[in-house]
Amino acid sequence: MSAYVFYFGGGANSTDPRSRDKTIAGGKGANLAEMAGIGLPVPPGFTISTEVCATYNANGKSFDADLRAGVAAGVAHVESSTGRKFGDTANPLLVSVRSGARVSMPGMMDTVLNLGLNDETVQGLAQGSGNPRFAWDSYRRFIQMYSDVVLGIDHHLFEDALEIVKEDNGFYADVELEAEHWQALVGEYKAIVEKALGRPFPQDVHEQLWGAIGAVFDSWESERAKVYRRLNDIPGDWGTAVNVQAMVFGNMGDTSATGVAFTRDPATGEKAYYGEWLVNAQGEDVVAGIRTPQYLTKFARERAGAKPLSMEEAMPEAYTELAAVFELLEKHYKDMQDIEFTVERNKLWMLQTRSGKRTAKAALKMAVDMVGEGLIDEATAIKRVDPMALDQLLHPTLDPKAERDYLGKGLPASPGAASGAIVLDAETAQARAERGDSVILVRVETSPEDIHGMHAAKGILTARGGMTSHAAVVARGMGRPCVSGASSVSIDMNSRTLKIGTRDLKEGDIITLDGATGDIMGGAVPTIEPELVGDFGTLMVWADKHRRMKVRTNAETPEDCRTARSFGAEGIGLCRTEHMFFDAGRISAVRQMILAEDEDGRRAALAKLLPEQRADFQAIFEIMAGLPVTIRLLDPPLHEFLPHSDAEFAELSDAIGIGVETLKRRAGELHEFNPMLGHRGCRLGITFPEIYEMQARAIFEAAVDVALASGEAVVPEVMIPLVATKKELSILKALVDRTAAQVFAEKGKVLDYLVGTMIELPRAALMAGEIAEEAKFFSFGTNDLTQTTLGVSRDDAARFLSAYVEQGIYARDPFVSLDVEGVGQLVELAAERGRKTLPGIKLGICGEHGGDPASIAFCEKTGLDYVSASPFRVPIARLAAAQAALG
Ligand code: PEP
Ligand code: MG
């Protein structure tokens, strides 16, 4: 038997542990094996390993003899378990062929159902089931799906043919068609295939099977799957498994049904079964939005005020069995499960279980609740919540007091509030978002092709589809607010207009969505900031208990400092002082300083800036109330401050009394070809020491004033940027020390302070041992360190880096997630050499990577003392640091 094929179900589960390993068997395959193993009713089948996907795609899409033998044996296993035979005219076995990657990629890859039907086996199915209508309906479904997925024939051709049959017979819904109509339609479908391909629809069931297996592997390389992988950081070499499984039928009449369910509410986290089902239907009917699915439980139906009976009421026995399965699965997996099931003539079958996707709010609630229920411990709860998902909770909700112009309502598919201009297709969404507009994507329903538009949009509104529709599932995963199934929305793509209820709107009009209630409103409704209490607070307390590294913030405005503190920042890791100089009231003085011909001119301008800088630092020291504050002296490329337009030169000339021509000449002298590698960072301090002297004075004066006024300790940390050599630091440290001594003498108060440096150039990392003789702390500036190590410009990288990530040259954008292999080595080496010179030297990171969970894990491994992240990333960093500490 092939090492790449694993059986499950039918009492013959594979004993190979790889059959339950998601990396090998894929998520779906591993969970089917697991469910069969704990005795749940799983239709028998087999899984082809993810490893085959890579060889198939590398070897010119061919299958080897070993795999062929393995699949033949797998089919034999399903045949003997079901007592049916593949291709048999009397008692045919039908199978489904589904993808299943290591992590779920909803709707991204292909599925074929009812495989094994042909002109002869359809007769056997009709006789065996005693239901010819069902048999012919299944056959036409199969032809349509197989033609779409495997043969590449446009599915609209089939849908149009069905519409004509309905029209000719005066039918409205599919359920009105009888066996003879479906049979006639099969004839037409086969003609469509023959016309499109120039050969008949494949009748050989083995050819069908291999076609479907190949198509699933091909779909791993489809454009939409690639986009999804890129958005979700899924490596291309993982591959997908293929699951071949005996079909069970939810469309065999009124004692049959199919549904999807969650063991807890995936939107709120509430401990209540949650799901949708349809009587007499096949799986894809529930998610396709053709019929409106019904509530699973009586409780949910009553709460929604809906009429059609819930499964609990309509099929009490099957429901009771299902509820018992829910309980068993939660105990077994110790997590909320997302389940697909089918009832075939009152017999329950489990088709899938997996850990369910959930909103951040639900993830938090479930993690905290499950600790309370004794199902998991605190450490597991911490690991359960994706730090990046917290982002969803840190964003605003609608102000309850704000006026609202209600247009309509849909299902509350993904929480959060968003306002923006209506866009009607994914391309427009992306184009307008790239121009900086907030947009709301409004569609009849979304499909995987819309994924880039959904990502670009601030919110998503669909006219059709339930809570488990594509739009709902994908939006929840992306953290976008979504209102689905809003039937009062009608869209006219020709005129690019729409109606919501009675109101006429057009593309570009502003609307607001509340994904937590399903409300659709006209205009932009004001929002309020979230409160970080409840489950969020609980989880953060646990995270703080388990983490080792401190979490600081990158902030320079009082507002950012306050936000960061409310998010739990334990200090400022980077205060970028250049941001303080762009202020309209100060820029002239800054330009005067830069363009001054000599030191006296510079000192005159700096004298104007000193009181302003002092006030900046005072405010920060007050807000941070004794927490450590690292202030970095001026770093920007000088040219960023230069005037550009004639009007700016004229204005500056008036303000400082120097002629325009002189100013232009001086600006020309300062022009640089590579400003990022030019006159910036400590090079400014070396050439214009009076600038750093002014800043140091402002820092120490502010620190002493605040210390005296508050009676609290203020310990400023003065940081020198872009150091490459020990000598640069020695010169500038001496300047800072001198200034501190002067201020302390003037004020009659001495404070502790530290002088340290950024490590953001490869030379600084290499020479860290020597530099540590002058520095009390290192802060890794991994933005510049990445730029200079990779030789990739931070500002130009966006144009080509995505191609690098797509081709797997870098697994992720190295400016977002630290290139641990390369740049990481420099960080490790500098940390080691710095510590050797100065044991206990304080080490932190302040590049953007300080807010990225994977990079934070690296910082933990390297033993850094703290990470510093932008204010909204502080909670993410706290949780990620705890996860990293827990390993
Ligand atoms: C860095 O280079 O990582 C850094 C934090 O400094 P800046 O981004 O301001 O250059
Ligand atoms: Mg830098």
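Biologist: Let's start with a pairing: which residue in β33 is the bridge partner of Ile845?
Modeller: This is a predicted model, where local features need pLDDT of at least 70 and side-chain atom pairs pLDDT 80 or more, while totals for chains, interfaces and linings use all residues. Residues are numbered from 1 along each chain as written, chains are lettered from A and ligands numbered from 1 in written order, and side-chain values use heavy atoms, without hydrogens or water. β32 and strand β33 (residues 866-869) pair in the parallel sense over 2 bridges (strands pair if DSSP finds at least two bridges between them). Within that pairing, Ile845 of β32 has as its partner in β33 Val867.

Biologist: And on the β31 side, which residue of β32 stands opposite Phe777?
Modeller: Strand β31 (residues 777-780) is joined to strand β32 (residues 842-845) by 4 bridges, and the two run parallel. These strands are DSSP runs (E, at least two residues; helices are H or I, at least four), numbered from the N terminus. Facing Phe777 in β32 is Lys842.

Biologist: There's an antiparallel sheet too; which are its edge strands?
Modeller: That open sheet has 5 strands in the order β1-β2-β7-β5-β6, with antiparallel pairing. An edge strand pairs on one side only, and here that holds for β1 (5-8) and β6 (111-115).

Biologist: In that sheet, what is the bridge partner of Phe8 in β2?
Modeller: β1 and strand β2 (residues 45-48) run antiparallel and share 4 bridges. Phe8 has as its partner in β2 Gly45.

Biologist: At the other edge, how many of β6's 5 residues are buried?
Modeller: Strand β5 (residues 95-101) joins β6 through 3 antiparallel bridges, and Arg98 is partnered with Thr111. As for cover (buried is under 20% relative accessible area, exposed over 50%, partly exposed in between, with a 1.4 Å probe and protein chains only), β6 is mostly covered, its buried count being 4.

Biologist: Which residues are the protein donors of the magnesium ion (ligand 2)?
Modeller: Donors are N, O and S atoms within 2.8 Å of the metal (3.2 Å for Na, K and Ca), and water isn't among the atoms, so sites may look incomplete. Here the protein donors are OE and OD atoms lying 2.0 to 2.1 Å from the ion, and they belong to Glu760 and Asp784. One sits in the loop between β30 (754-759) and α28 (762-766), the other in helix α30 (residues 782-790), 24 residues apart. At 2% and 3% relative accessibility both count as buried, in the order Glu760 and Asp784.

Biologist: How many salt bridges does the structure hold?
Modeller: A salt bridge here is a side-chain nitrogen of Lys or Arg within 4 Å of a carboxyl oxygen of Asp or Glu. One of them links Arg141 to Asp137, with the closest N and O atoms 3.4 Å apart, and both residues are buried. The two are 4 residues apart in helix α5 (residues 132-149), which means about one helical turn between them. Across the structure, the count is 62.

Biologist: What is the N to O distance between Arg496 and Glu507?
Modeller: Arg496 is in the loop between β20 (489-492) and β21 (497-500) and Glu507 in the loop between β22 (503-506) and β23 (510-514), so the pair ties together parts 11 residues apart in sequence. Arg496 counts as partly exposed because its relative accessibility is 28%. Their side chains meet in a salt bridge, N to O, at 2.5 Å.

Biologist: Last one: is Lys733 buried or exposed?
Modeller: Lys733 meets Asp737 in a salt bridge of 2.9 Å, N to O, and both lie in helix α27 (residues 726-747), about one turn apart. Asp737 is partly exposed at 24%. Lys733 has a relative accessible area of 18%, so it counts as buried.
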